[in-house]
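Trainee: Could you take me through one helix of this model up close, and then show me how the charged side chains pair up elsewhere?

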Amino acid sequence: MEINKKELAEKVKAEFMHAWNGYKKYAFGHDELRPLSKTHYDWYDDSLCITPIDAFDTMVLMGLTKDKNEAKQLIFEELSFDKNIYVSVFEITIRILGGLISAYLLDGNKKFLKLSEDIANRLLPAFNSKTGMPFRFVNFKTGAVRGKINNPAEIGTLLVEFGSLSKLTGNPVYYDRAKKALVELYNRRSKIGLVGTTINIETGKWINKESSIGNKIDSYYEYLLKSYLLFKDMDCKKMWETSIKSVNKYLADSKNNGYWYRQVDMDTGKKISTKFEALAAVFPSIFALSGDLTRAKKLQDSCFKMWTTFDIEPEQIDYKTMKIKLAIYRLRPENIESAYYLYHYTKDEKYLKMGKIYLESIIKYCKTEEGYAELKSVITKEKRDRMSSFFLAETLKYLYLLFAPKNTLNFDKIIFNTEAHPIQKNICK
């Protein structure tokens with residue numbers, strides 16, 4: 001397989017423009033495009049401009065100045081958080097707060113920073129629980145909260161964004177609240193060092209004790225490592241090292257068909273299932289970032305097999321039987337993200353070849369007349385009327401960066417938040 005990086009980078013850019021133009025034509029000013037019905041979708045009662053914010057730094061990196069400026073004008077003219085709506089603390093943090101901070105760092109316009117402070121202040125009441133771990137939802141206007149049953153990913157994936165805002169504004173409250181939530185969660189790990197799937201943030205008691213590296217847990221581990229690397233926070237370093245040691249001891253599973261991670265009971269380490277999720281495909285990138293390239297390579301080979309076995313990646317498989325457990329494809333980026341990280345660290349062309357295969361299968365099965373669509377099933381390849389903002393923020397960004405010129409982004413001077421928004425390390429000294 002011949003790899004022409006320049007040609008592939010331009011191809012990814014063209015596909016980004018296809019998706020963005022579909023959004024502009026049918027959903028401009030709204031949160032997301034519905035590509036099959038050619039209509040728009042808003043997460044809440046009013047738009048929060050989620051796709052333009054999420055896509056902004058991708059446009060900057062691709063050099064799409066005209067489109068970047070159109071998105072910026074829309075954000076500054078239309079975006080308001082003064083709405084009587086309950087929002088997801090986690091999703092709003094990683095997509096909007098992370099996107100606005102990254103936009104400020106790349107573009108320099110202080111209106112992005114002002115918007116970042118505004119939204120963070122509206123999210124802060126979520127941390128007013130008895131433990132300091134956040135409620136899942138908060139009302140932007142009233143500060144009322146709901147959703148006391150939360151999960152490690154949503155509790156522990158806030159410090160990169162809130163901490164960066166503290167560094168940029170000099171206000172420590174954002175860093176302190178997000179870090180306390182992370183520490184309180186870590187302190188409730190089991191005796192063997194694992195966390196479960198859901199927890200009551202008022203009582204601190206675990207509700208679901210299944211432990212994994214997948215849905216509802218994945219980015220908790222990611223942020224332990226990234227918070228250390230971004231802020232040089234030695235508490236986070238210790239929490240990461242302790243946690244990943246337990247994860248590798250109890251969840252890692254070597255089989256004849258690859259290297260995988262299973263589900264176990266957080267208290268005993270007893271195996272519950274051999275399910276592997278598309279979300280867990282982020283872990284090769286996390287291992288690579290931590291310096292564990294041996295484990296990263298082994299796991300990425302398995303993730304690649306998960307993709308190619310079905311022509312495109314299903315949401316869940318049973319890795320013991322290699323049968324699909326959940327057949328949807330949500331345009332997810334994690335498998336691509338890990339190929340990008342491994343290519344950065346190894347310069348092995350096999351990861352460029354992986355990226356080419358990922359790109360070609362997404363175009364083949366997900367492209368529509370006016371954008372890209374999820375798949376209801378990777379078996380039938382029937383499409384679903386949804387194009388999540390992360391397709392522009394993450395999936396196409398990581399594909400582009402995999403093939404783009406090296407000077408497009410200085411990997412060693414940034415940390416990506418879990419939504420692929422780059423945060424420069426020099427702001428966090």
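Mentor: Sure, let's start with helix H10, bearing in mind that this is a predicted model. H10 covers residues 234–250, and at 1.5 Å a residue its 17 residues should span 24 Å. The C-alpha atoms at its two ends sit 25 Å apart, so the helix agrees with that expectation. At the N-terminal end there's a cap: aspartate 233 places a side-chain oxygen 2.9 Å from the backbone nitrogen of aspartate 235. As for what's tucked away, the buried residues of H10 are Cys236, Met239, Trp240, Ser243, Ile244, Ser246, Val247, Asn248 and Tyr250. It helps to recall that an α-helix has 3.6 residues a turn, so residues three or four places apart point the same way.

Now for the charged pairs. Side chains of opposite charge can pair when their charged atoms come close. Searching the whole structure turns up 35 salt bridges, and a few are worth a look.

Take lysine 13 and glutamate 10, whose closest N and O atoms are 3.8 Å apart in a salt bridge. Both belong to helix H1 (residues 5–27), and because they are three residues apart, about one helical turn separates them. Lysine 13 has 18% relative accessibility, so it counts as buried, while glutamate 10, at 43%, counts as partly exposed.

The next pair bridges two helices. Lysine 68 and aspartate 107 form a salt bridge, 3.7 Å from N to O. Lysine 68 is in helix H3 (residues 65–78) and aspartate 107 in helix H4 (residues 89–107), so this contact ties together parts 39 residues apart in sequence. Lysine 68 is buried, its relative accessible area being 16%; aspartate 107 comes out at 22% relative accessibility and counts as partly exposed. The cut-off between those two classes is 20%, so aspartate 107 lands on the partly exposed side with its 22%.

Then there's glutamate 154 with arginine 136, a salt bridge whose closest N and O atoms are 3.1 Å apart. This one links distant parts of the chain, 18 residues apart: glutamate 154 is in helix H6 (residues 152–156), and arginine 136 is in the loop between helix H5 (110–123) and strand E4 (137–139). Glutamate 154 is buried at 12% relative accessible area, whereas arginine 136, at 26% relative accessibility, counts as partly exposed.

Finally, have a look at a group that goes beyond a simple pair: Glu32, Glu91, Arg95, Arg386 and Glu419 are joined in a network of salt bridges.

Key:
Residues numbered from 1 in each chain as written. Predicted model: local features only at pLDDT ≥ 70, side-chain atom pairs only at ≥ 80, totals over all residues. Heavy atoms only, no water. Helix = DSSP H or I, 4+ residues; strand = E, 2+ residues; numbered from the N terminus. Expected span 1.5 Å × (residues − 1). Buried < 20%, exposed > 50% of the residue type's maximum accessible area, 1.4 Å probe, protein only. Polar contact = N/O pair within 3.5 Å; in protein donor to acceptor, adjacent residues only side chain to side chain. Salt bridge = Lys/Arg side-chain N within 4 Å of Asp/Glu carboxyl O.
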